[in-house]
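Here is a short briefing on one protein model. It covers cavities, one sheet and a few backbone features.

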Amino acid sequence: MKFPYRWRCCSNKFSFQNTRMKTWRQRNMIAAVLLLCVVGALCSDDMGTPVCGSSYEAACLTPADYLNRSAPINKEVAVGKKLIISLEGLSGSPVCHLIRGEDRVMTANGSQSMVTSPLSETDSGEYTLTCDSNNAAMFSTTVILHVMKRPTKPQLMLDGVDVPDASPLFKCVSEGFPKPTIQWSGNKDGEQSLKESDRKTESKILSSEYYNTGMMCCATNAEGQECSQLYDYDLQSSVMNKDEVSTVTLSEGQSLLLRCRVKGYSLKSPVWEKGGRLLDARTLACKPEKEEEEEKEAEMCIKNDSHYDVRMAYLSIRSVREEHSGTYTCTSTDRNSKSVYVHVSGSPPTYNNLMLLKVSSLILLLTWL
């Protein structure tokens, strides 16, 4: 049975309106969910009683689980996270104190939990947790807090640059907790420094181990792994090899180590330039780290080296700044050259900055909806 044209038009109109209504409801539902996420992110510090459950924002400690234990409580928390000390499972309405040395860090009086601010490495140490009920001591226990930190991106630099007739060393330094271990690419063994602290690891290896290939060092602990590499360029031709990069992005404070090389006994070392300006290997010659610190000279330096028939030119910056951004070009005596653009951005984002960025993104999305 065919409906009159006018009825068919009305039917299509109602169908279109229903579709718009469904789309509007779906968008409102999405907006409501995102709004709850934003409110939770904005108000998680102080509003409401936190639920004791480990997440990407917080770790949880429930002392009631350790009432019959005499040994200290060891608690590991990642840097930037909060610690929720839940008083659930304790009878009555206890008054609890978290004490470090002679200082009361936090007190819970009638609440169900204590929540720290985001933790840093300096918060690691020994604490005493005491709880009283009706002016009678319930328990007192020792809490040993370990604030875990992912390894820093290794600082890769040259060492032993003043030793005559010898190739320099590669030095790789990283900090973290637990103290990271350092591995060199190719499963080669480096020499661990005897000056290590409980958080910093330093390893050295002969640069001649990698005279004709690239190199990388990686720092690893239970929280993750970070690596740094030597950006190596073979000037036998002007065509970039597959493992040679044309752009390097770093954050302020990180290190940069470039090297170009050419093969031939009769050839001289290649030369580096930045933005068309020659970087003189004599005036910018690398100095021992101690001398650089004492003289407070520019951090960029050039070191020429040779091994067998390979001639090399290193460009090293211990701690990059934004003004180090630019195009660096290395040229051999037979006029082969290769360039790399170095971009130095601001400092790496902190945990709190990342949280604010997430919240801002959600608010922008809500505005769009």
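**Cavities, a sheet and unusual backbone spots**

The largest cavity has a volume of about 60 Å³. The model is predicted. The count comes to 3 cavities of 30 Å³ or more.

**Largest cavity**

- Nine names make up the lining: K153, L156, S228, Q229, Y231, L250, S255, L256 and L257.
- Two elements, β15 (224-234) and β17 (256-263), each give two or more residues to this lining.
- β15 gives the most, with 3 residues.
- Sorted by class, the lining has 5 nonpolar, 3 polar and 1 charged residues.
- Rolling a probe the size of a water molecule over the atoms shows where empty space is left.

**Four-stranded sheet**

- An open sheet of 4 strands runs in the order β9-β10-β13-β12.
- Its pairing is antiparallel.
- β9 and β12 (191-192) stand at the edges.
- Each edge strand has a single partner strand, so one side of each is left without a neighbour in the sheet.
- β12 pairs with β13 (residues 200-206) in the antiparallel sense, over 2 bridges.
- E191 has K204 in β13 as its bridge partner.

**Positive phi**

- Most residues other than glycine have a negative phi.
- D165 has a positive phi of about 55°, although it is not a glycine.
- D165 sits in the loop between β9 (155-159) and β10.
- Is D165 buried or exposed? D165 is exposed, with a relative accessible area of 86%.
- Y308 also is not a glycine, and its phi is positive, at about 55°.
- The place of Y308 is the loop between β20 (300-307) and β21 (310-317).
- Y308 counts as exposed because its relative accessibility is 57%, and the cut-off for exposed is over 50%.

**Cis peptide bond**

- Most peptide bonds are trans.
- Which residues does a cis peptide bond join? The bond joins F177 and P178, with omega about 0°.
- P178 lies in the loop between β10 (169-175) and β11 (181-184).

**Where to look in the viewer**

- For the cavity, start from β15, which gives 3 residues to the lining of the largest cavity.
- For the sheet edge, go to β12, where E191 is bridged to K204 in β13.
- For the backbone, one stop is D165, in the loop between β9 and β10.
- Another stop is Y308, in the loop between β20 and β21.
- A further stop is P178, in the loop between β10 and β11.

Notes
Residues are numbered from 1 along each chain as its sequence is written. This is a predicted model: local features need pLDDT of at least 70, side-chain atom pairs count only at pLDDT 80 or more; totals for chains, interfaces and linings use all residues. Side-chain values use heavy atoms; hydrogens and water are left out. Buried means under 20% relative accessible area, exposed over 50%, partly exposed in between (1.4 Å probe, protein chains only). On a 1 Å grid over the protein atoms alone, a cavity is a set of points where a 1.4 Å probe fits but cannot get out, and a pocket is an open set with protein on both sides within 12 Å along at least five of seven lines; lining residues have an atom within 4 Å of a point. Grid points are joined across faces, edges and corners, and a volume is the space filled by probe spheres set on the points. Ala, Val, Leu, Ile, Met, Phe, Trp, Tyr, Cys and Pro count as nonpolar, Asp, Glu, Lys and Arg as charged, and the others, Gly among them, as polar. Two strands pair if DSSP finds at least two bridges between them.
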